[in-house]
Amino acid sequence: MTYLKAFTALAALSLATAASAQDTVKVGEPSWPGAKIMSRVIAQVIQTRLGGVTEYAPGANAVIFAAMDGGRGDIDVHPDVWLPNQASFTEEYVDQKDTVALSEGSYQGRSGFCVPTYMAEEHGMKSVYDLATPMAQELFDSDGDGKGEIWVGASGWASTNLNRVKVRDYGIETFLEPSTEDEAVFYARLKDAIDNREGVVFYCYAPHFVHALYDVTFIEEPEYDPAAYHMVQPDEDADWFAKSSITTGDQVKTVAVAYSKSLEQRNPAAAAFLGKIDMDADDLSQLTYQTVIKGQDVDEAVAVWLEENSDVVDGWLGLN
């Protein structure tokens with residue numbers, strides 16, 4: 001064994017010994033697929049590489065952040081914090097109270113509208129302004145009623161309200177009717193449309209399994225401009241739709257891991273790892289595809305990924 005390998009092995013053993021003597025780490029588990037996968041990534045690294053003990057704690061964003069703020073170990077980690085979407089929580093607990101920390105690493109999240117790539121290449125549907133045309137009205141008319149459709153998301157999603165405003169303000173609504181059917185229903189329709197090379201345009205975001213499942217392309221929008229992006233949600237004002245205005249693309253999202261600063265005393269090895277974790281968006285999309293579409297067990301898929309990417313995990317643990 002070389003000196004470097006011996007030192008690396010000794011360092012890993014020291015981290016594992018330290019972690020095993022520390023508190024159990026309770027990893028929050030929000031509902032969306034990417035967050036569930038990230039919770040498994042975090043827990044398995046703590047278990048297998050640090051020798052620690054973990055538990056999962058399902059909960060909404062507000063519950064998880066409040067528990068991390070309490071510092072009692074009720075919930076120690078939020079595995080998938082989308083910013084600026086969850087900025088109200090990070091402003092309170094990270095910036096003001098200083099009870100929660102964010103990982104140094106992050107991946108980028110992106111949202112907008114997508115079409116199958118053949119619609120962009122063969123029919124020129126590349127921009128939101130291409131959607132506001134009689135040609136788009138014909139290409140995306142799936143039910144033969146003379147007007148096209150655009151799926152803006154499922155009912156109840158905050159993003160669905162935002163997309164309805166965009167469709168109106170880009171002028172798309174004149175030609176395409178916004179649809180808010182359930183996600184599972186829409187994805188069944190998306191499969192049929194792509195199998196038959198038909199026209200379909202829809203709300204999409206990344207990382208998401210759709211990018212591993214199909215060859216799709218983001219529709220071009222004007223670069224994000226905060227001055228042209230004013231969104232009022234229904235819980236803020238009953239007249240939210242009339243008072244909102246969006247004529248620009250979404251801000252690129254930064255997605256990080258958050259953890260209770262109390263871990264720095266209760267489990268320093270875990271806290272050091274959480275501060276360095278840096279997931280790749282493409283890898284996360286692939287994992288969501290394997291688990292959501294292919295039906296692979298989440299823990300098994302994550303275990304395989306960790307084994308195949310041990311050098312990446314070494315970096316998170318400060319071993320390379």
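1. A residue is called partly exposed when its relative accessible area falls between the buried range, under 20%, and the exposed range, over 50%. Asp-98 has a relative accessible area of 43%, so Asp-98 counts as partly exposed. The structure is a predicted model, and the points below concern backbone features in its loops.

2. Asp-98 also has a backbone angle worth checking. Its phi is near 60°, a positive value, and Asp-98 is not a glycine. The residue sits in the loop between helix 4 and strand 4 (100-102).

3. Which other residue has a positive phi although it is not a glycine? Arg-197 does, with a phi of about 50°. Arg-197 is placed in the loop between helix 9 (183-195) and strand 8. Its relative accessibility is 49%, which lies under the cut-off for exposed, so Arg-197 is partly exposed.

4. For a student, the background is this: most residues other than glycine have a negative phi, and most peptide bonds are trans. The next two points turn to peptide bonds.

5. The bond from Leu-83 to Pro-84 is cis, with omega near 15°. Leu-83 is the last residue of strand 3 (77-83), and Pro-84 belongs to the loop between that strand and helix 4 (87-96).

6. Where is the cis peptide bond with omega about 5°? This bond joins Ala-206 and Pro-207. Strand 8 (202-206) ends at Ala-206, and Pro-207 lies in the loop between strand 8 and helix 10 (210-213).

How values were computed. Residues numbered from 1 in each chain as written. Predicted model: local features only at pLDDT ≥ 70, side-chain atom pairs only at ≥ 80, totals over all residues. Heavy atoms only, no water. Helix = DSSP H or I, 4+ residues; strand = E, 2+ residues; numbered from the N terminus. Buried < 20%, exposed > 50% of the residue type's maximum accessible area, 1.4 Å probe, protein only.
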